[in-house]
Amino acid sequence: RLYMRVIMNNNKKLYTIYTRDICSFCDMAKGLMTRYGLSYDEYNIESHPHFKEELMKAAPGATTVPQIFVGEKLIGGYTDFVQYAEDCLGQYGEGSL
């Protein structure tokens with residue numbers, strides 16, 4: 001199991017997700033966060049191009065969205081986040097995610 005200790009900045013939520021418009025994986029990731037009751041900051045790289053620059057600095061190898069961070073630690077995309085959720089947050093409801 002993956003365990004992390006993350007110190008939160010009072011002005012920023014623990015989870016950050018970089019998204020774009022019309023992105024089914026972004027929608028699924030946000031839905032999963034909501035089902036787990038997680039608060040997150042969303043940065044749309046299409047609506048606000050400066051967020052794309054910010055993402056490229058934080059995750060230079062990122063070529064898709066969503067890109068999800070816990071604190072400043074990059075989790076990755078939707079599939080990576082599902083694995084993180086199962087490992088660190090436990091199963092949600094009945095069965096696997």
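Which residue follows α3, and what is the sign of its phi? The residue after α3 is Gly90, and its phi is positive, near 85°. The model is a predicted one, in which local features need pLDDT of at least 70, side-chain atom pairs count only at pLDDT 80 or more, and totals for chains, interfaces and linings use all residues. Residues are numbered from 1 along each chain as its sequence is written, and side-chain values use heavy atoms, with hydrogens and water left out. Helices (H or I, at least four residues) and strands (E, at least two) are DSSP runs, numbered from the N terminus.

The sheet is a suitable starting point. It is open and mixed in its pairing, with four strands in the order β2-β1-β3-β4; two strands pair if DSSP finds at least two bridges between them. At the edges lie β2 (40–44) and β4 (73–76), each of which pairs on one side only. From one strand to the next, the twist averages 25°. Helix α1 (residues 24–35) packs on this sheet and touches β1 (15–19), β2 and β3, where contact means heavy atoms within 4.5 Å. The direction of α1 makes about 160° with that of β1; axes are lines fitted to C-alpha atoms, for helices over the stretch in contact, and angles run from 0 to 180 degrees between N-to-C directions. Strand β3 (residues 67–70) is joined to β4 by three bridges in the antiparallel sense, and Phe69 has Leu74 in β4 as its bridge partner.

Helix α3 spans residues 78–89, and its buried residues are Tyr78, Phe81, Val82, Tyr84, Ala85 and Glu86. Buried means under 20% relative accessible area, exposed over 50%, and partly exposed in between (1.4 Å probe, protein chains only). These buried residues pack against β1, α1, β3 and β4.

Aromatic rings add further links. Rings of Phe, Tyr and Trp (its six-membered ring) pair if their centres lie within 6.5 Å; planes under 30 degrees apart count as stacked, over 60 as edge-to-face and the rest as tilted. By this rule there are seven aromatic pairs. Tyr15 and Tyr84 have ring centres 6.3 Å apart and planes at 65°, so they form an edge-to-face pair. This pair connects strand β1 with helix α3 across 69 residues, and both Tyr15 and Tyr84 are buried. The rings of Tyr18 and Tyr43 are tilted, because their centres are 5.4 Å apart and their planes stand at 35°. Here strand β1 is linked to strand β2, the two residues being 25 apart. Tyr18 is buried at a relative accessible area of 4%, and Tyr43 is buried at 17%. Together with Phe51 and Phe69, Tyr18 and Tyr43 form one aromatic cluster.
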